[in-house]
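Let's take a walk through this structure together, from its ring pairs to its charged side chains. Keep the sequence and the 3D view open as you read.

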Amino acid sequence: KEINGEVEFSTETDTHTFEIDTHHGGELTATTNVSGVTANVSDKIVTVSGLANVRAGTTVTVTVKSGATNNYKEASTTYTLTVKAKGGVTFVVTLPEVMDTVYDGTQKRPVPTSVTANGKPLTENVDYTLSYGENINAGTNAGRVTATGSGDYAGSSGTANFTITQRTITVTAGSDTKVYDGTPLTNSDITVENLVNTHNLTGPMTTSSSITNVGKVANQIEGTLVRITDANSKDVTANYIINHVDGELEVTARPITIKATDQDITFGSDISKTVSDVTVTNQGEKSGLAEGQKIASLTLTANVSSKGTETIVPSGVVIEDANGTVTTSNYEITYDNGEVVIGAKSISSSDVTITLEGNSFTYTGSQIRPGVTVTDSKATITSDDYIVEYGSNVNVGTPATVTITGQGNYTGMVTKTFTIT
(Lines give C-alpha, C1' and ligand atoms only; values in the text may rest on other atoms or scores of the structure.)
Protein backbone atom coordinates (compact mmCIF):
# COMPACT_ATOMS: atom_id res chain seq x y z
CA LYS A 1 0.00 0.00 0.00
CA GLU A 2 1.08 3.63 -0.29
CA ILE A 3 1.51 5.56 2.94
CA ASN A 4 1.29 9.29 3.54
CA GLY A 5 5.01 9.50 3.02
CA GLU A 6 6.13 13.12 2.65
CA VAL A 7 9.21 13.41 4.86
CA GLU A 8 10.68 16.81 5.70
CA PHE A 9 14.38 16.96 5.01
CA SER A 10 16.41 17.67 8.12
CA THR A 11 20.07 17.48 8.96
CA GLU A 12 19.03 16.64 12.52
CA THR A 13 16.53 13.87 11.78
CA ASP A 14 18.00 11.01 9.80
CA THR A 15 15.13 8.46 10.27
CA HIS A 16 11.47 8.04 9.57
CA THR A 17 9.17 5.33 11.07
CA PHE A 18 5.78 4.01 10.10
CA GLU A 19 3.60 1.08 11.02
CA ILE A 20 2.54 -1.63 8.56
CA ASP A 21 -0.75 -3.49 8.47
CA THR A 22 -1.20 -6.99 9.82
CA HIS A 23 0.62 -9.77 8.03
CA HIS A 24 0.36 -13.57 7.86
CA GLY A 25 3.07 -14.14 10.45
CA GLY A 26 6.08 -14.77 8.21
CA GLU A 27 9.53 -13.27 8.89
CA LEU A 28 9.53 -9.55 8.04
CA THR A 29 12.35 -7.87 6.06
CA ALA A 30 12.57 -4.45 4.46
CA THR A 31 14.66 -2.94 1.64
CA THR A 32 14.83 0.43 -0.16
CA ASN A 33 15.61 1.56 -3.67
CA VAL A 34 18.06 4.33 -2.63
CA SER A 35 21.69 3.66 -1.95
CA GLY A 36 22.66 4.61 1.57
CA VAL A 37 19.09 4.42 2.82
CA THR A 38 18.28 1.33 4.89
CA ALA A 39 15.06 -0.03 6.32
CA ASN A 40 14.51 -2.30 9.32
CA VAL A 41 11.26 -3.74 10.55
CA SER A 42 10.38 -4.89 14.04
CA ASP A 43 6.94 -5.89 15.26
CA LYS A 44 5.27 -4.07 12.35
CA ILE A 45 7.29 -0.86 12.92
CA VAL A 46 9.48 0.04 9.93
CA THR A 47 12.44 2.36 10.56
CA VAL A 48 13.98 4.06 7.49
CA SER A 49 17.49 5.42 8.13
CA GLY A 50 19.94 7.53 6.08
CA LEU A 51 17.40 10.09 4.93
CA ALA A 52 19.69 12.97 5.87
CA ASN A 53 21.76 12.20 2.79
CA VAL A 54 18.81 12.22 0.42
CA ARG A 55 18.04 15.32 -1.59
CA ALA A 56 14.62 16.85 -1.41
CA GLY A 57 12.23 15.59 -4.07
CA THR A 58 13.63 12.05 -4.02
CA THR A 59 11.09 9.22 -3.86
CA VAL A 60 12.18 6.40 -1.56
CA THR A 61 10.35 3.09 -1.97
CA VAL A 62 10.42 0.68 0.96
CA THR A 63 9.58 -2.95 0.21
CA VAL A 64 8.48 -5.01 3.20
CA LYS A 65 8.40 -8.80 2.75
CA SER A 66 6.74 -11.41 4.88
CA GLY A 67 8.40 -14.81 4.55
CA ALA A 68 6.52 -18.02 3.65
CA THR A 69 4.83 -20.07 6.35
CA ASN A 70 3.08 -23.44 6.35
CA ASN A 71 -0.13 -21.74 5.50
CA TYR A 72 0.97 -18.68 3.48
CA LYS A 73 3.21 -17.96 0.58
CA GLU A 74 5.82 -15.19 0.68
CA ALA A 75 4.19 -11.77 0.29
CA SER A 76 5.42 -8.17 -0.02
CA THR A 77 4.08 -4.66 0.12
CA THR A 78 5.75 -1.48 -1.24
CA TYR A 79 5.53 1.79 0.63
CA THR A 80 6.43 5.15 -0.96
CA LEU A 81 8.10 8.03 0.92
CA THR A 82 8.75 11.40 -0.74
CA VAL A 83 11.51 13.46 0.88
CA LYS A 84 10.33 17.05 1.17
CA ALA A 85 12.57 20.13 1.60
CA LYS A 86 13.07 21.35 5.13
CA GLY A 87 11.32 24.72 5.06
CA GLY A 88 11.35 27.41 7.72
CA VAL A 89 15.08 27.16 8.54
CA THR A 90 16.66 30.56 9.24
CA PHE A 91 20.03 30.75 7.55
CA VAL A 92 22.95 32.48 9.22
CA VAL A 93 24.53 34.77 6.61
CA THR A 94 28.02 35.94 7.58
CA LEU A 95 29.61 38.88 5.76
CA PRO A 96 33.34 39.70 5.55
CA GLU A 97 34.76 41.67 8.46
CA VAL A 98 36.38 44.11 6.04
CA MET A 99 34.27 45.40 3.16
CA ASP A 100 34.28 48.43 0.91
CA THR A 101 31.03 49.93 2.09
CA VAL A 102 31.76 53.63 1.61
CA TYR A 103 29.07 55.32 -0.44
CA ASP A 104 30.02 55.66 -4.09
CA GLY A 105 26.64 55.91 -5.80
CA THR A 106 26.64 52.26 -6.91
CA GLN A 107 24.98 49.13 -5.49
CA LYS A 108 27.04 47.31 -2.88
CA ARG A 109 27.08 43.53 -3.42
CA PRO A 110 29.27 41.94 -0.76
CA VAL A 111 29.73 38.17 -1.04
CA PRO A 112 29.09 36.30 2.25
CA THR A 113 31.99 34.39 3.72
CA SER A 114 29.50 31.68 4.72
CA VAL A 115 25.82 30.71 4.79
CA THR A 116 24.84 28.00 7.27
CA ALA A 117 21.70 26.16 8.33
CA ASN A 118 21.75 24.87 11.88
CA GLY A 119 25.54 25.06 11.74
CA LYS A 120 25.87 23.22 8.44
CA PRO A 121 27.71 25.13 5.68
CA LEU A 122 25.58 25.55 2.58
CA THR A 123 26.59 25.87 -1.06
CA GLU A 124 25.53 28.82 -3.21
CA ASN A 125 23.38 27.94 -6.24
CA VAL A 126 22.78 24.49 -4.72
CA ASP A 127 21.29 25.19 -1.32
CA TYR A 128 20.56 28.89 -1.80
CA THR A 129 20.76 31.87 -4.12
CA LEU A 130 21.77 35.40 -3.22
CA SER A 131 19.83 38.60 -3.76
CA TYR A 132 20.55 42.18 -2.73
CA GLY A 133 18.62 45.21 -1.62
CA GLU A 134 19.07 48.59 -3.28
CA ASN A 135 22.29 48.94 -1.22
CA ILE A 136 23.20 52.38 -2.57
CA ASN A 137 22.46 55.09 -0.02
CA ALA A 138 24.38 55.52 3.22
CA GLY A 139 22.85 54.49 6.50
CA THR A 140 23.09 52.11 9.45
CA ASN A 141 22.08 48.63 8.28
CA ALA A 142 21.00 50.20 5.00
CA GLY A 143 22.59 47.35 3.04
CA ARG A 144 20.92 43.96 2.81
CA VAL A 145 22.03 40.53 1.53
CA THR A 146 19.43 37.74 1.37
CA ALA A 147 20.14 34.01 0.94
CA THR A 148 17.00 32.25 -0.34
CA GLY A 149 16.91 28.48 0.09
CA SER A 150 16.69 26.15 -2.90
CA GLY A 151 16.77 22.42 -3.36
CA ASP A 152 16.76 20.76 0.07
CA TYR A 153 16.28 24.19 1.65
CA ALA A 154 13.42 25.52 -0.46
CA GLY A 155 11.28 27.71 1.76
CA SER A 156 14.17 28.71 4.03
CA SER A 157 16.08 32.00 3.99
CA GLY A 158 18.40 34.28 5.89
CA THR A 159 19.35 37.94 5.72
CA ALA A 160 22.41 39.96 6.75
CA ASN A 161 22.43 43.74 7.00
CA PHE A 162 25.43 46.00 6.79
CA THR A 163 26.11 49.70 7.13
CA ILE A 164 26.92 51.88 4.14
CA THR A 165 29.04 54.73 5.46
CA GLN A 166 28.87 58.31 4.27
CA ARG A 167 31.54 59.43 1.84
CA THR A 168 33.82 62.15 3.19
CA ILE A 169 34.75 64.91 0.80
CA THR A 170 37.09 67.81 1.41
CA VAL A 171 36.30 71.30 0.15
CA THR A 172 39.51 73.35 0.28
CA ALA A 173 40.01 77.06 -0.26
CA GLY A 174 42.95 78.04 -2.43
CA SER A 175 46.33 79.05 -1.02
CA ASP A 176 48.75 81.59 -2.43
CA THR A 177 51.85 83.60 -1.59
CA LYS A 178 53.54 86.64 -3.01
CA VAL A 179 56.16 89.23 -2.22
CA TYR A 180 54.73 92.44 -0.78
CA ASP A 181 53.70 94.90 -3.47
CA GLY A 182 51.17 97.07 -1.63
CA THR A 183 48.12 95.41 -3.21
CA PRO A 184 45.73 92.85 -1.63
CA LEU A 185 46.40 89.14 -2.10
CA THR A 186 43.28 87.00 -2.63
CA ASN A 187 42.58 83.54 -4.03
CA SER A 188 39.06 82.51 -5.06
CA ASP A 189 39.96 78.93 -6.00
CA ILE A 190 37.95 76.14 -4.33
CA THR A 191 38.83 72.48 -4.87
CA VAL A 192 36.73 69.42 -4.01
CA GLU A 193 38.40 66.08 -3.29
CA ASN A 194 36.84 62.60 -3.23
CA LEU A 195 33.51 63.54 -4.81
CA VAL A 196 32.04 60.71 -6.91
CA ASN A 197 33.06 61.45 -10.51
CA THR A 198 29.54 61.77 -11.87
CA HIS A 199 28.30 63.95 -8.99
CA ASN A 200 28.10 67.71 -8.85
CA LEU A 201 28.49 70.07 -5.94
CA THR A 202 26.32 73.18 -6.14
CA GLY A 203 25.99 76.11 -3.79
CA PRO A 204 27.11 79.72 -3.27
CA MET A 205 30.65 79.20 -2.04
CA THR A 206 33.27 81.94 -2.15
CA THR A 207 36.49 82.74 -0.32
CA SER A 208 36.45 85.74 1.98
CA SER A 209 40.02 86.48 2.96
CA SER A 210 42.44 89.17 1.83
CA ILE A 211 45.87 90.27 3.03
CA THR A 212 48.01 93.23 1.96
CA ASN A 213 50.77 93.59 4.53
CA VAL A 214 53.41 91.01 5.42
CA GLY A 215 51.96 88.06 7.32
CA LYS A 216 49.65 85.07 6.98
CA VAL A 217 45.88 84.72 7.08
CA ALA A 218 43.50 81.78 6.70
CA ASN A 219 41.65 81.82 3.40
CA GLN A 220 38.17 80.83 4.56
CA ILE A 221 35.17 79.57 2.60
CA GLU A 222 31.97 81.54 2.91
CA GLY A 223 28.53 80.30 1.90
CA THR A 224 26.43 77.24 2.64
CA LEU A 225 26.65 74.12 0.53
CA VAL A 226 23.20 73.72 -1.00
CA ARG A 227 23.38 70.15 -2.22
CA ILE A 228 25.21 67.41 -4.09
CA THR A 229 23.44 65.82 -7.04
CA ASP A 230 24.09 62.68 -9.04
CA ALA A 231 24.12 62.31 -12.83
CA ASN A 232 20.30 62.21 -12.79
CA SER A 233 20.10 65.44 -10.75
CA LYS A 234 18.96 63.49 -7.69
CA ASP A 235 19.87 65.04 -4.36
CA VAL A 236 22.42 62.75 -2.69
CA THR A 237 23.79 65.22 -0.13
CA ALA A 238 22.83 62.97 2.80
CA ASN A 239 25.33 60.41 1.59
CA TYR A 240 28.27 62.75 2.20
CA ILE A 241 30.23 64.22 5.08
CA ILE A 242 31.61 67.57 4.00
CA ASN A 243 34.84 68.90 5.53
CA HIS A 244 35.82 72.50 4.88
CA VAL A 245 39.55 73.24 4.92
CA ASP A 246 40.95 76.75 4.97
CA GLY A 247 43.64 77.77 2.55
CA GLU A 248 46.46 80.12 3.49
CA LEU A 249 47.39 83.49 2.06
CA GLU A 250 50.90 84.72 2.79
CA VAL A 251 52.64 87.96 1.93
CA THR A 252 56.41 87.88 2.40
CA ALA A 253 58.69 90.86 2.99
CA ARG A 254 59.88 92.69 -0.11
CA PRO A 255 63.68 92.50 -0.21
CA ILE A 256 65.32 95.79 -1.09
CA THR A 257 68.82 97.16 -0.96
CA ILE A 258 69.33 100.78 0.04
CA LYS A 259 72.72 102.04 -1.12
CA ALA A 260 74.22 105.36 -0.14
CA THR A 261 75.29 107.39 -3.17
CA ASP A 262 78.99 108.24 -3.32
CA GLN A 263 79.75 111.92 -2.65
CA ASP A 264 82.61 114.39 -2.99
CA ILE A 265 82.85 117.22 -0.49
CA THR A 266 85.48 119.62 0.82
CA PHE A 267 86.75 119.65 4.35
CA GLY A 268 84.42 121.53 6.62
CA SER A 269 81.33 120.52 4.69
CA ASP A 270 78.90 117.79 5.68
CA ILE A 271 77.55 115.09 3.42
CA SER A 272 74.15 115.54 1.82
CA LYS A 273 71.51 113.62 3.77
CA THR A 274 68.38 113.74 1.61
CA VAL A 275 66.31 110.83 0.37
CA SER A 276 67.77 111.42 -3.07
CA ASP A 277 71.21 110.50 -1.74
CA VAL A 278 70.37 106.79 -1.79
CA THR A 279 69.31 104.36 -4.47
CA VAL A 280 66.83 101.50 -3.92
CA THR A 281 67.09 98.25 -5.83
CA ASN A 282 65.23 94.96 -5.68
CA GLN A 283 66.32 91.91 -7.62
CA GLY A 284 68.23 94.10 -10.01
CA GLU A 285 65.37 96.51 -10.74
CA LYS A 286 66.01 100.23 -10.65
CA SER A 287 63.43 100.86 -7.92
CA GLY A 288 62.62 98.17 -5.44
CA LEU A 289 59.80 100.02 -3.68
CA ALA A 290 56.20 98.98 -4.23
CA GLU A 291 54.35 101.12 -6.73
CA GLY A 292 53.36 104.50 -5.34
CA GLN A 293 55.63 104.25 -2.29
CA LYS A 294 58.60 106.38 -1.36
CA ILE A 295 61.33 106.87 1.20
CA ALA A 296 60.03 109.48 3.60
CA SER A 297 63.17 109.81 5.72
CA LEU A 298 66.48 108.17 6.48
CA THR A 299 69.77 108.68 8.28
CA LEU A 300 73.16 109.03 6.59
CA THR A 301 76.30 109.28 8.69
CA ALA A 302 79.96 109.69 7.84
CA ASN A 303 83.12 110.85 9.63
CA VAL A 304 84.13 114.04 7.80
CA SER A 305 86.53 115.39 10.42
CA SER A 306 89.54 115.28 8.14
CA LYS A 307 90.54 115.09 4.51
CA GLY A 308 90.45 111.62 2.99
CA THR A 309 88.01 108.87 2.01
CA GLU A 310 85.36 107.78 4.48
CA THR A 311 82.29 105.52 4.57
CA ILE A 312 78.73 106.79 4.29
CA VAL A 313 76.46 104.57 6.40
CA PRO A 314 72.71 104.57 5.64
CA SER A 315 70.18 103.54 8.32
CA GLY A 316 66.77 104.28 9.79
CA VAL A 317 64.83 104.35 6.53
CA VAL A 318 61.12 105.13 6.80
CA ILE A 319 58.94 104.17 3.83
CA GLU A 320 55.44 105.51 3.23
CA ASP A 321 52.66 104.79 0.74
CA ALA A 322 50.76 107.41 -1.22
CA ASN A 323 48.46 108.03 1.77
CA GLY A 324 51.36 108.70 4.12
CA THR A 325 50.96 105.35 5.92
CA VAL A 326 54.26 103.90 7.09
CA THR A 327 54.95 100.59 5.32
CA THR A 328 58.56 99.99 6.37
CA SER A 329 57.75 96.73 8.18
CA ASN A 330 56.76 95.18 4.85
CA TYR A 331 60.33 95.37 3.59
CA GLU A 332 63.42 93.31 4.23
CA ILE A 333 66.04 96.03 4.04
CA THR A 334 69.73 95.54 3.32
CA TYR A 335 71.92 98.60 3.65
CA ASP A 336 74.88 99.17 1.35
CA ASN A 337 77.43 101.79 2.35
CA GLY A 338 78.61 104.56 0.07
CA GLU A 339 81.88 106.48 -0.03
CA VAL A 340 82.66 110.11 0.56
CA VAL A 341 85.87 111.73 -0.69
CA ILE A 342 86.75 114.74 1.53
CA GLY A 343 88.96 117.14 -0.38
CA ALA A 344 91.21 119.86 1.09
CA LYS A 345 89.57 123.23 1.65
CA SER A 346 90.99 126.41 0.20
CA ILE A 347 92.53 128.48 2.92
CA SER A 348 91.31 131.54 1.04
CA SER A 349 87.70 130.44 1.49
CA SER A 350 85.30 133.05 2.82
CA ASP A 351 84.81 130.74 5.79
CA VAL A 352 88.45 131.24 6.80
CA THR A 353 89.52 134.35 8.70
CA ILE A 354 93.22 135.23 8.95
CA THR A 355 94.24 138.13 11.20
CA LEU A 356 97.65 139.57 12.18
CA GLU A 357 98.29 140.75 15.68
CA GLY A 358 98.66 144.24 14.26
CA ASN A 359 98.65 146.23 11.04
CA SER A 360 101.57 148.64 11.85
CA PHE A 361 104.85 148.10 13.65
CA THR A 362 107.82 150.42 14.58
CA TYR A 363 111.16 149.90 12.91
CA THR A 364 113.45 147.76 15.05
CA GLY A 365 116.29 147.04 12.69
CA SER A 366 115.36 143.38 12.81
CA GLN A 367 112.80 141.24 10.99
CA ILE A 368 109.34 141.84 12.35
CA ARG A 369 107.22 138.66 12.73
CA PRO A 370 103.68 139.53 13.86
CA GLY A 371 101.52 136.75 15.30
CA VAL A 372 98.92 135.15 13.01
CA THR A 373 95.48 133.86 13.99
CA VAL A 374 93.59 131.56 11.58
CA THR A 375 89.96 130.48 12.20
CA ASP A 376 87.32 128.63 10.14
CA SER A 377 83.64 129.25 10.80
CA LYS A 378 82.76 125.80 9.40
CA ALA A 379 85.52 123.64 10.82
CA THR A 380 88.22 123.36 13.40
CA ILE A 381 91.57 124.50 12.06
CA THR A 382 94.81 123.83 13.88
CA SER A 383 98.39 124.99 13.43
CA ASP A 384 99.02 121.73 11.60
CA ASP A 385 96.72 122.88 8.81
CA TYR A 386 98.90 125.75 7.57
CA ILE A 387 102.45 127.16 7.39
CA VAL A 388 103.31 130.80 8.14
CA GLU A 389 106.21 132.41 6.24
CA TYR A 390 107.49 136.00 6.66
CA GLY A 391 109.09 138.39 4.22
CA SER A 392 112.30 140.36 5.16
CA ASN A 393 110.09 142.78 7.07
CA VAL A 394 112.97 145.03 8.31
CA ASN A 395 113.01 148.43 6.60
CA VAL A 396 110.54 151.24 6.72
CA GLY A 397 108.60 151.72 3.50
CA THR A 398 109.29 148.28 2.20
CA PRO A 399 106.06 146.16 1.92
CA ALA A 400 106.00 143.79 4.86
CA THR A 401 104.33 140.43 4.19
CA VAL A 402 103.12 137.34 5.95
CA THR A 403 102.25 134.27 3.75
CA ILE A 404 99.93 131.58 5.07
CA THR A 405 100.01 128.31 3.03
CA GLY A 406 97.43 125.56 3.59
CA GLN A 407 98.45 121.97 4.31
CA GLY A 408 96.68 118.86 5.64
CA ASN A 409 92.99 119.70 5.46
CA TYR A 410 93.65 122.96 3.60
CA THR A 411 95.20 124.04 0.36
CA GLY A 412 96.11 127.30 -1.33
CA MET A 413 97.90 130.39 -0.05
CA VAL A 414 96.98 133.80 1.40
CA THR A 415 99.40 136.78 1.80
CA LYS A 416 98.73 139.41 4.42
CA THR A 417 100.60 142.76 4.61
CA PHE A 418 101.44 145.28 7.33
CA THR A 419 103.45 148.54 7.55
CA ILE A 420 106.74 149.38 9.28
CA THR A 421 107.12 152.97 10.50
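A residue is called buried here when its relative accessible area is under 20%. By that rule, Y103 and Y240 are both buried. Please keep in mind that this is a predicted model.

**Aromatic pairs**

How many aromatic pairs does a search of the whole structure find? The search gives 6 of them. One of these is formed by F18 and Y79: the ring centres are 5.0 Å apart and the planes meet at 50°, so the pair is tilted. F18 belongs to strand 2 (residues 16-19), while Y79 belongs to strand 7 (residues 75-84), so the pair ties together parts that are 61 residues apart in sequence. F18 counts as buried, at 9% relative accessibility, and Y79 is buried too, with a relative accessible area of 4%.

The two tyrosines from the opening make another pair. The ring centres of Y103 and Y240 are 5.6 Å apart, with the planes at 75°, so this pair is edge-to-face. Y103 sits in the loop between strand 8 (92-94) and strand 9 (114-117), and Y240 sits in strand 22 (residues 240-245), so the contact ties together parts that are 137 residues apart in sequence.

**A three-stranded sheet**

Now turn to an open sheet of 3 strands, which has the order 26-24-29 and mixed pairing. Which strands stand at its edges? They are strand 26 (278-281) and strand 29 (331-336); each has a single partner strand, so one side of each is left without a neighbour in the sheet. From one strand to the next, the twist averages 25°. As background, the strands of a sheet pair through backbone hydrogen bonds, in either a parallel or an antiparallel way. In this sheet, strand 24 (residues 254-260) and strand 26 run antiparallel and are joined by 4 bridges. To find the pairing in your viewer, look for I258, whose bridge partner in strand 26 is V280.

**Two residues around strand 35**

I387 is a residue of strand 35 (residues 386-390). Its relative accessible area is 38%, so I387 is partly exposed. Leaving aside neighbours within four places in sequence, I387 is in contact with T403, I404, T405 and Q407. L298, by contrast, is 41 Å from I387 in space, C-alpha to C-alpha, and 89 residues away in sequence.

N393 lies in the loop between strand 35 and strand 36 (400-406). Is N393 buried or exposed? With a relative accessibility of 2%, N393 counts as buried. The N393 side chain reaches the backbone oxygen of T401 at 2.9 Å. Not counting residues up to four places away in sequence, N393 touches several residues, among them S366, Q367, I368, F418 and I420. P399, A400 and T401 are also included in that set of contacts.

**Salt bridges**

The count of salt bridges comes to 6. The table gives three of them, with the distance between N and O atoms.

| Salt bridge | N to O distance |
|---|---|
| D270 and K273 | 3.3 Å |
| K345 and D351 | 3.0 Å |
| D351 and K378 | 3.9 Å |

In the pair of D270 and K273, what is the exposure of D270? D270 is partly exposed, with a relative accessible area of 46%. K273 likewise counts as partly exposed, at 42% relative accessibility.

K345 and D351, on the other hand, are both buried. For D351 the relative accessibility is 18%, and as this is under the 20% cut-off, D351 counts as buried. The other partner of D351 in the table is K378, which counts as exposed at 52% relative accessibility. D351 lies in the loop between strand 31 (345-346) and strand 32 (352-356), and K378 in the loop between strand 34 (372-376) and strand 35, so their salt bridge ties together parts that are 27 residues apart in sequence.

Which residues are linked in a network of salt bridges? They are K345, D351, D376 and K378. Within that network, D351 forms salt bridges with K345 and with K378.

Key: Residues numbered from 1 in each chain as written. Predicted model: local features only at pLDDT ≥ 70, side-chain atom pairs only at ≥ 80, totals over all residues. Heavy atoms only, no water. Phe/Tyr/Trp six-rings, centres within 6.5 Å; stacked < 30°, edge-to-face > 60°. Buried < 20%, exposed > 50% of the residue type's maximum accessible area, 1.4 Å probe, protein only. Pairing = 2+ DSSP bridges. Axes fitted to C-alpha atoms, helices over the stretch in contact; angles between N-to-C directions. Contact = heavy atoms within 4.5 Å. Polar contact = N/O pair within 3.5 Å; in protein donor to acceptor, adjacent residues only side chain to side chain. Salt bridge = Lys/Arg side-chain N within 4 Å of Asp/Glu carboxyl O.
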